[in-house]
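Colleague: Hi, could you walk me through this one? I'm new to it and would like to start with the sheets.

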Amino acid sequence: MERNTLIVAMAVALAGFSWAVSAQVVAPAAPAKSVSKAKPAKAKASEAKSVEAAKTVEPAKPAGFIQDGAALVKAADWNKMETVTVELGEYHFHPMDLKLKAGQPYKIELKNVGEKHHYYTAPEFFKNVAWRKLMVNGQAEIKVDYVNALEVLKKPGQLDIYIIPVNKGTYTVYCTIDDHREKGMEGTIIVE
Ligand SMILES: [Cu+2]
């Protein structure tokens, strides 16, 4: 009995010790505000740690982009997807004014029919859509949460984007190569 009691006591002591150690490890991650008042130098480290932990759980999109895009893409009925073709050439988009419906899943085919490379740059529009994927010539798919700019290489370059416009508005699209924009490569994307 004495021996058993001793083992139990040791086990309790060890458990207490490990609890103390784990508590020490957890402690720095405690509410940043209370820590920052006492030890400002360590507060930054713990804040950085908690931000890192949050990213591991669910990666955050850059500010301004649709945050719940993945859920919208998953919930959408892609059998009702509409296909729209936009041609890029010297120096125009066709159509120049693209009209889309908010909440409607789209495949937008960006086709370069010109002799030069062209950009399809629409930063505000790109921020206001839920991204499913991009497809290159039916040969490769790129899964993305957000996009900044797209370039479609000269004839016969093609890039298909699968998106759901989320926020209504009038957005500008243009080509950023040389003076293409000034020569006419600026159009609008209207989401209603
Ligand atoms: Cu261009």
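Colleague: What order do the strands take in the open sheet of three strands?

Modeller: The order is β3-β11-β10, and the pairing is mixed. A strand here is a DSSP run of E over at least two residues, a helix is a run of H or I over at least four residues, and both are numbered from the N terminus. Two strands pair if DSSP finds at least two bridges between them.

Colleague: Which are the edge strands?

Modeller: β3 and β10, each of which pairs on one side only. From one strand to the next, the twist averages 20°. For such angles, axes are lines fitted to C-alpha atoms (for helices over the stretch in contact), and the angles run from 0 to 180 degrees between N-to-C directions.

Colleague: Before we go on, what sort of model is this?

Modeller: It's a predicted model: local features need pLDDT of at least 70, side-chain atom pairs count only at pLDDT 80 or more, and totals for chains, interfaces and linings use all residues. Residues are numbered from 1 along each chain as its sequence is written.

Colleague: Thanks. Back to that sheet: do β3 and β11 pair in the parallel or antiparallel sense?

Modeller: Parallel, over four bridges. Along that pairing, L98 stands opposite I189 in β11, and K99 stands opposite I190.

Colleague: And in what sense do β10 and β11 pair, parallel or antiparallel?

Modeller: Antiparallel, over six bridges. There you'll find G169 opposite V191 in β11.

Colleague: Which residues of β11 are on the covered face, and which on the uncovered one?

Modeller: G187, I189 and V191 make up the covered face, while E186, T188 and I190 are on the uncovered one. Put that beside the pairings: I189, across from L98, belongs to the covered face, and I190, across from K99, to the uncovered one.

Colleague: OK, next sheet. What is the strand order in the open sheet of six strands?

Modeller: That order is β2-β1-β4-β9-β6-β7, again with mixed pairing. β2 and β7 are the edge strands, each pairing on one side only. Here the twist averages 25° from one strand to the next.

Colleague: How many bridges join β1 and β4?

Modeller: Seven, in the parallel sense, with β4 covering residues 106–112. One facing pair is L88 and N112, the latter in β4.

Colleague: I clicked on V84. Where is that?

Modeller: V84 sits in strand β1. Leaving out residues up to four places away in sequence, V84 touches L98, Y106 and I108. Touching means contact, that is, C-beta atoms, placed from the backbone, within 7 Å of each other.

Colleague: Why does V84 count as partly exposed?

Modeller: Because V84 has 14 C-beta neighbours inside 10 Å. The cut-offs are 20 or more other C-beta atoms within 10 Å for buried, 12 or fewer for exposed, and partly exposed in between, with C-beta atoms placed from the backbone.

Colleague: How far apart are the C-alpha atoms of V84 and D160?

Modeller: They are separated by 9.6 Å, with the two positions 76 residues apart along the chain.

Colleague: Changing topic: which peptide bonds are cis?

Modeller: I can give you two. The bond from E90 to Y91 is cis, with omega near -15°, and Y91 is in the loop between β1 (82–89) and β2 (92–94). The bond from H94 to P95 is also cis, with omega near 5°, and P95 falls in the loop between β2 and β3 (97–100).

Colleague: And which loop holds N137?

Modeller: The one between β6 (129–136) and β7 (140–142). N137 has a positive phi of about 50° although it is not a glycine. N137 counts as exposed because 10 other C-beta atoms lie within 10 Å.

Colleague: What about D178, is that buried or exposed?

Modeller: D178 is exposed, with 11 other C-beta atoms within 10 Å. D178 also has a positive phi, about 40°, without being a glycine, and it lies in the loop between β10 (169–174) and β11 (186–191).

Colleague: Last one, the whole chain: how many helices and strands?

Modeller: Five helices and eleven strands. Of the 192 residues, 20% count as buried. Among contacts between residues at least 6 apart in sequence, 71% join residues at least 24 apart.

Conventions
Two residues are in contact if their C-beta atoms, placed from the backbone, lie within 7 Å.
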